[in-house]
Amino acid sequence: MITIQQTFHATNIPVIQISNMKIDLKISLDFGPRILFCGFSGGPNHFFNRQSDLENHPNEQDSFHFFGGHRLWVAPEDPVFSYIPDNQPVTWQQENSSVIFNQCVKVPHFYLTKELEIQIHPTLSQVEVNHRITNLDDQPIELAPWAISQMAPGGLAVIQLPKRGSHIGNLLPTSSLVLWPYTDLSDSRWRWGYEFIRVQQDMTITKPLKFGLASDQGWLAYFNHGQMFQKQTHIQPDANYPDRGTPIQIFLDGDFLELETMGPLNWLNPGQTVTHHETWNIVSDCPPPRNAQQIKDILEKLES
């Protein structure tokens, strides 16, 4: 049974809680749209929350806040458009088994709506999230929807490389690893492998690290609290993705780790909407994998 009710998060943040009695989601009503909580009922939050921003939000309406949780941004990253404050209340409505949250964003030369449509599975620990951006301006806008999940500290991220093969018959590259200027390949948080890249979030290392992967593998996972949070999206072959063609990315610093997916770049004419879909799965009794075989075993269990 799915329940939808208004309650509070962190004692004083009004939210809508969606639950199937197995997992809970909490979505802010005062700002966003932001999914502030995702986890098993009665269990820890897989998402990072910045408590100082949650507390200061009512007094700093004109400033951008990294509230944490899951948010919808616009790519490519821009110092103005990406950081437009989302501090105003959201509207929400229930449509059949889905709950839809949206907010209008308006600044000079930029007028759109951001929308999250959330559908929790009636019995499984699985969530479908549609991210929509609609151009309300009178001019076309080029953008890509950018789905960012800020994960709680202390966990291990896993990203899959494209299918491996021998030298014979594989003469052309199959993917690209894209690095930001501040990314250090000698950083101790990397866990390099033949089929997977793992990255350890470490609260004692504050230096930012970011990378993207141009690949046909559209999933990322994060192991924390003895559980796995996995998100997956569909990669469109030959589409024009931002950031040198990287639809999946990871960012981390000393506070959190972000699992990021993107849709292709699109020119949105006035009134047009673009949608980006993710599927989330949470798996219990799932310690961080130490090698590729353990990752494969977890994925096989998830697919069965």
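This section describes the main sheet of a predicted model, its two edges, a helix packed on the sheet and a nonpolar surface patch.

The sheet is open and comprises 10 strands with antiparallel pairing, arranged in the order β6-β7-β8-β9-β21-β17-β16-β11-β14-β13. Its edges are formed by β6 (91-95) and β13 (190-192); each of these has a single partner strand, so one side of each is left without a neighbour in the sheet. From one strand to the next, the twist averages 20 degrees.

At the edge formed by β6, this strand runs antiparallel to β7 (residues 98-107), to which 5 bridges join it. Within this pairing, E95 has S98 of β7 as its bridge partner. The hairpin of β6 and β7 has 2 residues between the strands, and N96 adopts a positive phi near 55 degrees there.

At the edge formed by β13, antiparallel pairing with β14 (residues 196-200) extends over 3 bridges. In this pair, W190 lies opposite V199 of β14. Helix α3 (residues 292-303) packs on the sheet, where it touches β14 together with β11 (156-160), β16 (219-224), β17 (227-232) and β21 (273-283). The direction of helix α3 makes about 100 degrees with that of β14.

On the surface, L177, L179, L185 and W192 make a nonpolar patch of about 360 Å². Of these residues, L179 is located in strand β12 (residues 176-179). The relative accessibility of L179 is 37%, and this residue therefore counts as partly exposed, a class that lies between the buried limit of 20% and the exposed limit of 50%.

How values were computed: Residues numbered from 1 in each chain as written. Predicted model: local features only at pLDDT ≥ 70, side-chain atom pairs only at ≥ 80, totals over all residues. Heavy atoms only, no water. Pairing = 2+ DSSP bridges. Helix = DSSP H or I, 4+ residues; strand = E, 2+ residues; numbered from the N terminus. Axes fitted to C-alpha atoms, helices over the stretch in contact; angles between N-to-C directions. Contact = heavy atoms within 4.5 Å. Patch = residues over 30% accessible without salt bridge, like charges linked within 9 Å, V, L, I, M, F, W, Y side chains within 5 Å. Areas by Shrake-Rupley, 256 points an atom, 1.4 Å probe, with all protein chains shown as cover. Salt bridge = Lys/Arg side-chain N within 4 Å of Asp/Glu carboxyl O. Buried < 20%, exposed > 50% of the residue type's maximum accessible area, 1.4 Å probe, protein only.
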